[in-house]
Structures are given as C-alpha cells and as structure tokens.
Amino acid sequence: MEIVSDRTKPQVEEYMTRDVATVSPDATVGDVAARIAESDEHSGFPVCERRRVEGFISARDLLLADDDDPIFKVMTTDLLVAHPEMKVTDAARVILRSGIQKLPVVDDAGNLVGIISNADVIRSQIERATPEKVGKLVRTLEQIHNIELEQERRTVAIDQLTPTQGRVYADELEGRQYELERGLAEPLVVIDNGGTLLLADGHHRVLASDRLGIDAMDAYVIVIDHEIELGMAKTAANEGLEELDDIEVVDYARHPLVQTTKRLQSAAND
C-alpha cells in the first residue's frame, strides 16, 4: 500500500467523499456482485475490516470467481491510496496514470476516511477556475464604473435570474445536463445589481438545471449595492430577455464551430 502526502493546498480532504460504501472481507462474491449490479454509482468497493482498508474489489475481480467465495480471496491487496493532506493534483496524476477511477483515502493509522474519484478531481479544477473568472469581471466593473464591489457565495433561485445571453446551443446544453447529473457543474456567476440578479455566466447550466427540475444553484455573486447602468443589462433589455424562456436553444447544425468548419471545408474544396 503506497501513501503519498503533501500539505500544500488544495488538498484531497477538501474534495473527497467522506461517506464511503465498503464491503467486508468475509462478504461473498455473489453478494458484492449483486450490490454492484443494483448500483448506478459503484463499480467496486474498498474492502474494510472495521475502518481499516484491507483491499479493493472491482467488478473485474469478480468475473472468474465463484459466488460463494469470500471477497478476501479475490480482492486486490496491492492498491494505491491517498492521504487527506495529499495535493489534489497529485491524486489526479495517480488516477490518470493508474487508470483507476477512485482512490481510497486513509489516515496515518490506515483507516478509511474518504474516497476521491476522477469526478472529484474535475470538480476541484472547475472550482479553481471560477474564482479567477469572477475576479477578472470584478476588476473590469470596478475600473469602468469607478466603484468598489463585494463578492458573495450564495444559492440563487434560477427563476429570479435575468439572462444576458439570447441563445444557447443544444449540444452544449446536453453536455451541461450530463455534468449536472454527475455533480460536476461549476457555480454560476451572477451580478446583484441593486436587487436585480443578472446572469453573467452559466446560461447553459441554468437551462440544463431547469430541464432537470433543479430550482436553485450555487453561484458567485458580485454585489452592487445600488443599481447602475450595466452594458449587459442594456443588451438584455434590447433583446427582450426577461426570463429563461426568452433564451433561444439553437440546434447543433447552427453552432459557430460547425459553421466555421463548413467554411473551411468549402475553402479547401475551391
């Protein structure tokens, strides 16, 4: 069992899942196979005696085993694990290079404290990118309007948002829906302009949420305590954008990338 630890942030403990489903070494192959078959989330489990990690069992390990065999006979014991203080980027390298999807997280005593997956790693990178995007927008608004702004992290009701983008693309909308279903969507970026909530970034995510029946989303909110004239608000008013239903969903054939590709193909054929 190899443990890698590093105290530099962001750390694994910030993104790992703490409530981990496990199996006992004495469980039978048949029982674990049934759990995997019935689950939409699990293709394998850490094998623990109490909370101490003894191995890992995957669907592949079960293929040639008899249903009555105990898990300790077929589980993988030469496994990689992470430490809570390991850097997320290091965990990402282990996951990528080993080809595994989930990395058990153990403390100094070898006890299971969580599990980090490739989805958790992606989420950590998304959450690092969004604050940079927000910071850039805040600095731009402060320079243009000569004001000082505050930022908040809050949950916003999507039916209270005023869109500032008149169209979204169907293929990207499907992609955002896929991400939302797996907990990978980054927070929205919203401007609270004296009480009016302008959606600055995240139109595909909001529409995807609406399709999934999600009423509220996590957002970085830039707070302007008194209403000012913003260019995006003027654009929204000019395009008649007041609610989500005003956003046009454009099919894939009309996506700018497709149009560009077609133009390039035509030019190559001339």
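**Figure 1. Contact between helix H6 and helix H7 in the predicted model**. On the H6 side, the residues in contact are Glu172, Leu173, Arg176, Gln177 and Leu180. They meet His204, Arg205, Leu207, Ala208, Ser209 and Arg211 in H7. Sorted by class, this contact has four nonpolar, three polar and four charged residues. Helix H6 covers residues 170-181 and helix H7 covers residues 203-211. Their axes come within 8 Å and cross at roughly 65°, which makes H6 roughly perpendicular to H7. The crossing of H6 past H7 is right-handed.

**Figure 2. A network of salt bridges that includes Arg205**. Which residues does the network link? Its members are Lys133, Glu186, Asp201 and Arg205. Arg205 is also one of the H7 residues that meet H6. The count for the model comes to 10 salt bridges. Side chains of opposite charge can pair when their charged atoms come close.

**Figure 3. The salt bridge between Arg167 and Glu248**. The closest N and O atoms of this pair are 3.7 Å apart. Where do the two residues lie? Arg167 belongs to strand E9 (residues 167-169), and Glu248 belongs to strand E13 (residues 248-250), so the pair ties together parts that are 81 residues apart in sequence. Arg167 is partly exposed, with a relative accessible area of 36%. Glu248 is partly exposed as well, at 34%.

**Figure 4. The salt bridge between Arg154 and Glu152**. Here the closest N and O atoms are 2.8 Å apart. Arg154 has a relative accessible area of 24% and is partly exposed. Glu152 also counts as partly exposed, with a relative accessibility of 33%.

**Figure 5. The salt bridge between Glu229 and Lys234**. A distance of 3.3 Å separates the closest N and O atoms of the two residues. Is Glu229 buried or exposed? Glu229 is exposed, with a relative accessible area of 61%. Its partner Lys234 counts as partly exposed, at 48% relative accessibility, because the class of exposed residues begins over 50%.

**Figure 6. Two loop residues with a positive phi, Arg50 and Asn146**. Most residues other than glycine have a negative phi. Arg50 is not a glycine, yet its phi is positive, about 60°. Arg50 is found in the loop between strand E2 (44-49) and strand E3 (52-58), and at 79% relative accessibility it counts as exposed. Asn146 is not a glycine either, and its phi is positive at about 55°. The loop that holds Asn146 runs between helix H5 (118-145) and strand E7 (150-157). Asn146 is exposed, with a relative accessible area of 70%.

**Figure 7. Asp26 and Ile71 in space and in sequence**. The two residues are 45 residues apart in sequence. How far apart are they in space? From C-alpha to C-alpha, the distance is 6.0 Å. Asp26 is found in the loop between strand E1 (2-4) and helix H1 (29-38). With 56% relative accessibility, Asp26 counts as exposed.

**Figure 8. The protein chain as the setting for the close-up views**. The chain has nine helices and 13 strands. Of its 270 residues, 39% are buried. Among contacts between residues at least 6 apart in sequence, 72% join residues at least 24 apart.

Key. Residues numbered from 1 in each chain as written. Predicted model: local features only at pLDDT ≥ 70, side-chain atom pairs only at ≥ 80, totals over all residues. Heavy atoms only, no water. Salt bridge = Lys/Arg side-chain N within 4 Å of Asp/Glu carboxyl O. Buried < 20%, exposed > 50% of the residue type's maximum accessible area, 1.4 Å probe, protein only. Helix = DSSP H or I, 4+ residues; strand = E, 2+ residues; numbered from the N terminus. Axes fitted to C-alpha atoms, helices over the stretch in contact; angles between N-to-C directions. Parallel < 35°, antiparallel > 145°, perpendicular 65-115°, else oblique. Left-handed = near helix turned anticlockwise from the far one by under 90°. Contact = heavy atoms within 4.5 Å. Nonpolar A, V, L, I, M, F, W, Y, C, P; charged D, E, K, R; others polar.
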